[in-house]
Amino acid sequence: MEKFTKIQGIAAPMPLVNIDTDMIIPKVFLKSIQRTGFGKNLFDEMRYNRDGTEIADFVLNKPQYRDAEILIAGDNFGCGSSREHAPWAIADFGIKCIVSTSFADIFFNNSFKNGILPIVLPQEQVDLLMKDAEKGANARMTVDLEAQEITTSDGEVITFEVDAFKKHCLLNGLDDIGLTMEKSASIASFEDKAAQERPWV
């Protein structure tokens, strides 16, 4: 998993509340267990008409937000089913950080496991960031995980909280497999000892 330290990028405003995982990645696209290839279908029903043409006024179809790395979202983001394809699609699109007043628990935890930083802030601070994001591509925000700070395009600094263990995993690019591999020497030692003590197994 790619390490997350600091990003300075375009923030897309998406003030809709209760964006569920089926809106993020419709169930019709859940045909693979690979983590890549889902970005093109992110928010599919909001991004495209039935004939496959883009819906021009959807935020991520607007020229100034096509390369957004930060999403400023409404309340209760990621609710609904527990599909991990939702953070896969977000990450594959290129979004690395989502800010909201609240997230569904499973989506919140799955985001960390897939290299995405979900940040919970009070409504007034989300409103401030939403307004800043509405300025378009010239308004680039900075998200510094090490310092736990968001800096707006105008230089205003907002601090955020993050679980220390989840922060460690993001900073070091460790998903569940990576965490296990950190213990590879101990695992190998255990296996060797077990093989000697129980050669019949």
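The lining of the largest pocket is made up of seven nonpolar, five polar and six charged residues. The model is a predicted one. The space in this largest pocket comes to about 340 Å³. Of its 18 lining residues, those closest to the centre are Met 1, Glu 2, Ala 91, Asn 114 and Gly 115. Two elements, strand S1 (6-14) and helix H3 (85-93), each contribute at least two residues to the lining of the largest pocket. Helix H3 gives the most, with three residues.

UniProt, in an unreviewed entry, assigns residues 1-124 to "domain: Aconitase A/isopropylmalate dehydratase small subunit swivel". In the model, 23% of the span 1-124 is helix and 17% is strand. The C-alpha atoms at the ends of residues 1-124 are 33 Å apart.

Strand S1 also belongs to an open sheet of seven strands, ordered S4-S3-S2-S1-S5-S6-S7, with mixed pairing. Strand S4 (117-120) and strand S7 (157-159) have a single partner strand each and stand at the edges, so one side of each has no neighbour in the sheet. On average, neighbouring strands of this sheet are turned by 25° against each other, direction ignored.

At the S7 edge, strand S6 (residues 149-151) pairs with S7 in the antiparallel sense over three bridges. Ile 150 has Ile 158 in S7 as its bridge partner. Helix H5 (residues 123-133) packs on the sheet, and its direction makes about 125° with that of S2. The strands that H5 touches are S1, S2, S3, S5, S6 and S7. Residue ranges for some of these contacted strands are as follows.

| Strand touched by H5 | Residues |
|---|---|
| S2 | 70-73 |
| S3 | 97-100 |
| S5 | 140-144 |

Key
Residues are numbered from 1 along each chain as its sequence is written. This is a predicted model: local features need pLDDT of at least 70, side-chain atom pairs count only at pLDDT 80 or more; totals for chains, interfaces and linings use all residues. Side-chain values use heavy atoms; hydrogens and water are left out. UniProt positions are given in the numbering used here, feature names are shortened, and annotations may be inferred rather than shown by experiment. Helices (H or I, at least four residues) and strands (E, at least two) are DSSP runs, numbered from the N terminus. On a 1 Å grid over the protein atoms alone, a cavity is a set of points where a 1.4 Å probe fits but cannot get out, and a pocket is an open set with protein on both sides within 12 Å along at least five of seven lines; lining residues have an atom within 4 Å of a point. Grid points are joined across faces, edges and corners, and a volume is the space filled by probe spheres set on the points. Ala, Val, Leu, Ile, Met, Phe, Trp, Tyr, Cys and Pro count as nonpolar, Asp, Glu, Lys and Arg as charged, and the others, Gly among them, as polar. Two strands pair if DSSP finds at least two bridges between them. Axes are lines fitted to C-alpha atoms, for helices over the stretch in contact, and angles run from 0 to 180 degrees between N-to-C directions. Contact means heavy atoms within 4.5 Å.
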